[in-house]
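Reader: Hey, got a minute to go through this one with me? I'd like to start with pockets and then move on to salt bridges.
Author: Sure, let's bring it up.

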Amino acid sequence: DKFLIAIASSANHNWPWTKSKGVDQAESVFSKAYPSIFKHFLKYKTKLKQREDQGQFWWELRSCSYWHEFKPSKIVFNETSKELHAYVDHDGVYVNKTGFIIVCKDNDFVLGILNSKLMDWYYRNTFPAWGDPWMGGRIQFRKDRMMEISIAKPTDKQRRTIEERVEKILKAKKSGKSTSELEKEIEKIVYEMYGLTEEERGMVG
């Protein structure tokens, strides 16, 4: 198994060494508190000390004001690919610079919208891409573009139905079952939310 070691800056987290007087004392505390991790980090000490984005001590990550946002359930999506890969994370996963997160109260509903055919059509027609997005090109799901997406206001019934269908789809995928009919139900609601005509729905597919 591979693990990601994320040590937040002492500016954001109170570590055993946070209040140490100098790096030597901090290293001593670090080595006693987490001996295996400290031993592993020593192999890369020179390179880690050369980083411009380090925290209070060379083994820490730079200060980040939104560390706490990774803990709750959130939507995680990729930066560049042939189609959007988005899911709801319930495990407090941390992502690197090629991944982004959306923090909201209605994850399943928003996920249903983002993964819909209508939004896929929107991405391919308006987002920058490496190559032709309709012919295997990779779409760039950049932060600035994703923030421009307008989520139409649903009725309570529409919101509830999308959330229920998304939950069923996630369960079905885990067991290898087909989700096409559930997805069609979501597409129909999304079309209704955005007021698409029959002709416009045909264009989307």
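Author: One term before the pockets: a pocket here is an open set of grid points with protein on both sides within 12 Å along at least five of seven lines, and its volume is the space filled by probe spheres set on the points. Also keep in mind that this is a predicted model.
Reader: Got it. How much space lies in the second largest pocket?
Author: About 580 Å³.
Reader: And which residues lie nearest its centre?
Author: Those are Asn-115, Ser-116, Ile-169, Glu-183 and Glu-187, out of 24 lining residues.
Reader: Which element gives the most to that lining?
Author: Helix H8, with six residues. H8 spans 180-193, and strand S3 (86-89), H4, H5 (117-126) and H7 (156-174) also supply at least two residues each to the lining of the second largest pocket.
Reader: How does that lining split by class?
Author: Eleven residues are nonpolar, six are polar and seven are charged.
Reader: OK, now the largest pocket. What's its volume?
Author: The largest pocket comes to about 1,000 Å³. It has 29 lining residues, and Tyr-66, Phe-70, Val-95, Asn-96 and Gly-99 lie nearest its centre.
Reader: What's the class split for the lining of the largest pocket?
Author: There are 21 nonpolar residues, two polar and six charged.
Reader: Where does the largest share of that lining come from?
Author: From strand S4, with four residues. S4 covers 99-102, and helices H4 (107-114) and H6 (143-146) each put at least two residues into the lining of the largest pocket as well.
Reader: Switching topic. How many salt bridges does the count come to?
Author: Ten. One of them pairs the side chains of Glu-27 and Lys-45, at 3.1 Å from N to O.
Reader: Which parts does that pair tie together?
Author: Glu-27 sits in helix H1 (residues 23-33) and Lys-45 in helix H3 (residues 45-49), so the bridge ties together parts that are 18 residues apart in sequence.
Reader: Is Glu-27 buried or exposed?
Author: Buried, at 14% relative accessible area, because anything under 20% falls in that class. Lys-45 counts as partly exposed, at 25%.
Reader: What does Asp-144 form a salt bridge with?
Author: With Arg-142, and their closest N and O atoms are 3.3 Å apart. Asp-144 is partly exposed at 38%, and Arg-142 is partly exposed at 30%.
Reader: Back to H8 for a sec. How far apart in the helix are Lys-184 and Glu-181?
Author: Three residues, so about one helical turn separates them. Their side chains meet in a salt bridge, with 3.6 Å from N to O. Lys-184 counts as exposed, with 54% relative accessibility.
Reader: And which residues are linked in a network of salt bridges?
Author: Glu-164, Arg-165 and Glu-185. Arg-165 is in helix H7, and at 16% relative accessibility it counts as buried.
Reader: What is Arg-165 in contact with, leaving aside its neighbours within four places in sequence?
Author: Leu-182, Glu-185 and Ile-186. Glu-185 therefore turns up twice for Arg-165, as a contact and in the salt-bridge network, where the cut-off is a side-chain nitrogen within 4 Å of a carboxyl oxygen.
Reader: Nice, that's what I was after. Thanks!

Notes: Residues numbered from 1 in each chain as written. Predicted model: local features only at pLDDT ≥ 70, side-chain atom pairs only at ≥ 80, totals over all residues. Heavy atoms only, no water. 1 Å grid on protein atoms, 1.4 Å probe; cavity = no way out; pocket = protein on both sides within 12 Å on 5 of 7 lines; lining within 4 Å. Nonpolar A, V, L, I, M, F, W, Y, C, P; charged D, E, K, R; others polar. Buried < 20%, exposed > 50% of the residue type's maximum accessible area, 1.4 Å probe, protein only. Contact = heavy atoms within 4.5 Å.
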